[in-house]
Amino acid sequence: MHPHDAPSPPPVTGEAPHHATATERGAFAFARCACGWSGPARRSRERARTDAATHMSEAGLPVRQ
């Protein structure tokens, strides 16, 4: 199993640093965070950015555009 195929850990709140971004690999975009969270592969880059924003809001942090 590749690391990107592993299930994502749940969002972490508290002292863990959060900085979610969308990155691309080939035709797919992924949302990733400094806390270790990563979203599913998406063909839509906008959907990956939405995944990142959702993670940030679930962590109780302001969403950066």
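In the predicted model, 23% of the 65 residues of the protein count as buried. The protein has one helix and two strands, and along the sequence these elements follow the pattern β-β-α. Among contacts with a separation of 6 or more, 29% are made by residues 24 or more positions apart.

The helix, α1, covers residues 45–58 and has 14 residues. From its first C-alpha to its last, α1 reaches 20 Å, close to the 20 Å expected at 1.5 Å a residue. Its buried residues are Ala 48, Asp 51, Ala 52, His 55 and Met 56. When α1 is viewed down its axis, these buried residues fall within an arc of 135°, so they line one face of the helix. The cover over the buried residues of α1 includes both β1 (21–25) and β2 (28–32). Just after the helix, Gly 60 adopts a positive phi of about 80°.

Strand β2 contains Ala 31. Ala 31 counts as buried because its relative accessibility is 0%, and buried means under 20%. With residues up to four places away in sequence set aside, Ala 31 touches eight residues by name: Thr 21, Ala 22, Trp 37, Ser 38, Gly 39, Ala 48, Asp 51 and Ala 52. Among these contacts of Ala 31, Ala 48, Asp 51 and Ala 52 also belong to the buried residues of α1. Another buried residue of the helix is His 55; the C-alpha atoms of Ala 31 and His 55 are separated by 9.0 Å, although the two residues are 24 residues apart along the chain.

Arg 32 also lies in strand β2. At 27% relative accessibility, Arg 32 counts as partly exposed. In sequence, Arg 32 and Asp 51 are 19 residues apart, while in space their C-alpha atoms are 8.9 Å apart. Asp 51 is one of the buried residues of α1. The charged end of Arg 32 sits over the ring of Phe 30, 5.2 Å from its centre. The charged end of Arg 25 likewise sits over the ring of Phe 30, at 5.0 Å from the ring centre. As for pairing between rings, the structure holds zero aromatic pairs.

In strand β1, Glu 24 was examined. Glu 24 has a relative accessibility of 56% and therefore counts as exposed, the cut-off being over 50%. Apart from neighbours within four places in sequence, Glu 24 is in contact with Ala 29 and Arg 45. Of these two partners, Arg 45 falls at the start of α1, which spans residues 45–58. A further pair involves Arg 43, which is 19 residues from Glu 24 along the chain; the C-alpha atoms of Glu 24 and Arg 43 are separated by 9.5 Å.

The cysteines were considered last. A disulfide is a covalent bond between the sulfur atoms of two cysteines. The structure holds zero disulfides. Cys 33 is in no disulfide, and its nearest cysteine sulfur, that of Cys 35, is 3.6 Å away. For Cys 35, the closest cysteine sulfur is in Cys 33; because the cut-off is 2.5 Å, the separation of 3.6 Å is too far for a bond. Cys 33 has a relative accessibility of 9% and so counts as buried.

Conventions. Residues numbered from 1 in each chain as written. Predicted model: local features only at pLDDT ≥ 70, side-chain atom pairs only at ≥ 80, totals over all residues. Heavy atoms only, no water. Helix = DSSP H or I, 4+ residues; strand = E, 2+ residues; numbered from the N terminus. Expected span 1.5 Å × (residues − 1). Buried < 20%, exposed > 50% of the residue type's maximum accessible area, 1.4 Å probe, protein only. Arc of directions from axis to C-beta. Contact = heavy atoms within 4.5 Å. Phe/Tyr/Trp six-rings, centres within 6.5 Å; stacked < 30°, edge-to-face > 60°. Lys NZ or Arg CZ within 6 Å of the ring centre and 35° of its normal.
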